[in-house]
Amino acid sequence: MKKLLKNLGLWIIIAMVVGIIVGVFMGPEASMFKPLGDLFIQLIKMLVVPLVLVSIISGASALGETKSAGLIGGLSIGFMIVTTVISIVIALILGEIFQPGASISQTTVATIVEGYESTPSEAAPAMGFWDTVIGMIPANPIEALTRGDILQIIIFGLFLGFGISALSSEKRQRISSGLNIILDALIWCIGKVMLVAPFGVFGLIADATGTFGFDILLQVANVLWIDIIAVLIIGLGLYPLCISLFSRVKLKDYFRAMVKPQVVSFSTASSLATLPVNMNACDEMGISKQTSGFVLPLGATINMAGNAIYYALLAVFFAQFYGIDLTIADYTSITLVCSLGAIGQAGVPGPTLLAAAVLVAADIPLEGLPLFYALDRIFDMIRTTLNITGDAACAAVVDRFARK
């Protein structure tokens with residue numbers, strides 16, 4: 001019983017249910033609870049920039065150590081980045097095809113973003129390819145930090161992280177220890193902020209339900225089946241295709257061996273908890289222990305295709321929800337933040353902060369993000385299953401070239 005009472009996810013679900021009931025009965029008057037949600041959103045915004053910066057620097061500095069593994073490290077990281085980018089593109093395409101966030105009128109949407117500075121009519125002119133590339137590089141990293149330009153912060157963090165990885169082992173270890181201490185402190189802050197999440201979710205859900213009615217929650221649920229379609233395309237299409245073309249593993253052996261780790265990952269929603277089971281599955285496929293022993297732990301840290309699909313769909317949903325026309329620059333920002341952000345994802349407890357970073361990068365309001373909190377456990381189980389499936393596929397592909 002005590003364990004249930006301490007379960008934050010359970011309290012968030014309870015808060016959402018209570019918020020729905022209050023919103024239905026009170027109607028527009030439920031907006032009196034909105035300040036609770038605004039407080040929670042402001043606390044999240046406070047932590048997004050420092051957490052992303054420290055996580056990216058720490059993750060990139062750790063990645064630099066893979067250079068000792070030579071070809072295996074390069075192939076593993078290359079496979080993970082390419083498949084993640086493909087996953088994001090597919091998610092963005094599905095989001096534009098099915099338009100999950102486009103059915104609510106912009107008159108009612110305006111009430112949930114009261115005070116938001118930009119509107120579609122005030123959107124900046126579309127940027128060209130080179131403008132987008134040059135705009136990714138901060139002329140002044142400090143200014144990028146104060147402005148909250150997530151994409152520039154990630155680029156700077158990667159450069160600094162790789163610079164740290166090039167230092168001598170003693171110096172690198174010293175800096176990495178300091179970064180990990182700061183990261184631990186930020187994670188403590190996140191833990192405290194999440195204690196008020198049920199109140200924030202209650203306030204925002206009550207306000208949203210009172211303003212829009214129950215339809216808003218049904219619309220949020222639409223993202224779930226689109227996410228499942230994207231996951232199936234990658235998990236049953238892209239990964240098996242890669243194994244068929246670039247590995248020695250037979251597809252029937254791959255599918256048979258992956259059943260158990262997929263069940264474990266779906267139930268635990270943890271790539272690290274599934275790691276021993278996934279390694280055993282790779283043994284059954286005939287993948288060498290040297291390859292799986294390197295690729296799978298690395299994949300559990302940086303291979304986040306499932307997360308990237310979710311974040312991309314959130315960005316498209318809220319852009320449609322708020323009536324924001326995404327430009328090529330916005331799509332580029334979403335793709336890069338989803339892809340590069342995965343490098344620092346291992347140090348981030350839960351998806352909230354990186355999801356917020358993706359929305360900030362595309363200049364999309366964060367106010368509607370808690371609408372997804374009650375469903376997050378389901379999304380987490382799905383994306384984790386895809387992540388560990390991709391880890392095994394990567395190990396199968398890399399093992400062929402490593403043996404050569």
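Okay, helix 11 and helix 15. Helix 11 covers residues 215–246 and helix 15 covers residues 305–321, and their axes come within 10 Å, crossing at roughly 145 degrees. The handedness of that crossing is right-handed. And yes, this is a predicted model, so please hear everything that follows in that light.

Who actually touches whom? On the helix 11 side you've got Ile216, Gln219, Val220, Val223, Ile226, Asp227, Ala230, Val231, Ile234 and Tyr239, and on the helix 15 side they meet Ala305, Ile309, Tyr310, Leu313, Phe317 and Phe321. Sort the residues of this contact by class and you get 14 nonpolar, one polar and one charged.

Let me stay with helix 15 for a bit. How much of helix 15 is buried? It's 17 of its 17 residues, so mostly covered, because each of them falls under 20% relative accessible area. The length works out too: with 17 residues at 1.5 Å a residue, helix 15 should span 24 Å, and its end C-alpha atoms are indeed 24 Å apart. Then, just after helix 15, Gly323 takes a positive phi of about 70 degrees.

Now the core. The largest nonpolar core has 117 residues, and the ones with the most contacts inside it are Tyr254, Met285, Phe318, Ile334, Ile364 and Phe372. Which helix gives the largest share of this core? That's helix 15 again, with 14 residues. Apart from that core there's another, of five residues, including Ala15, Ala30, Phe202 and Ala206.

Zooming out for a second: we're looking at 18 helices and zero strands. Of the 404 residues in the protein, 53% are buried. And if you take contacts with a separation of 6 or more, 84% of them come from residues 24 or more positions apart.

A nice example of that kind of long reach is Thr84, which sits in helix 4, residues 71–98. Thr84 and Ala308 are 224 residues apart in sequence, yet their C-alpha atoms are 6.9 Å apart in space. Setting aside neighbours within four places in sequence, Thr84 is in contact with Asn303, Ala305, Ala308 and Ser339. Ala305 should ring a bell, since we just had that residue on the helix 15 side of the contact with helix 11. Is Thr84 buried or exposed? Thr84 is buried, because its relative accessible area is 3%.

Next, helix 8, residues 150–165. Its 16 residues should span 22 Å at 1.5 Å a residue, and the end C-alpha atoms are 22 Å apart, so that agrees. The buried residues of helix 8 are Ile150, Leu151, Gln152, Ile153, Ile154, Ile155, Gly157, Leu158, Gly161, Ile164 and Ser165.

Last stop, two loop residues with unusual backbone angles to look at. First, Gln99, in the loop between helix 4 and helix 5. Its phi is near 50 degrees, a positive value in a residue other than glycine. Gln99 counts as partly exposed, because its relative accessible area is 33%.

Then there's Asp363, in the loop between helix 17 and helix 18, so residues 352–361 on one side and 376–403 on the other. Asp363 isn't a glycine either, but has a positive phi of about 60 degrees. And with 47% relative accessibility, Asp363 is partly exposed.

That's my tour. If you want to pull up one spot on the screen, I'd go back to where helix 11 and helix 15 cross.

Conventions:
Residues are numbered from 1 along each chain as its sequence is written. This is a predicted model: local features need pLDDT of at least 70, side-chain atom pairs count only at pLDDT 80 or more; totals for chains, interfaces and linings use all residues. Side-chain values use heavy atoms; hydrogens and water are left out. Helices (H or I, at least four residues) and strands (E, at least two) are DSSP runs, numbered from the N terminus. The expected span of a helix is 1.5 Å times one less than its number of residues. Buried means under 20% relative accessible area, exposed over 50%, partly exposed in between (1.4 Å probe, protein chains only). Axes are lines fitted to C-alpha atoms, for helices over the stretch in contact, and angles run from 0 to 180 degrees between N-to-C directions. A crossing is left-handed if the near helix is turned anticlockwise from the far one by less than a right angle, and right-handed if clockwise. Contact means heavy atoms within 4.5 Å. Ala, Val, Leu, Ile, Met, Phe, Trp, Tyr, Cys and Pro count as nonpolar, Asp, Glu, Lys and Arg as charged, and the others, Gly among them, as polar. A nonpolar core is a set of buried Ala, Val, Leu, Ile, Met, Phe, Trp, Tyr and Cys residues joined through side-chain atoms within 4.5 Å.
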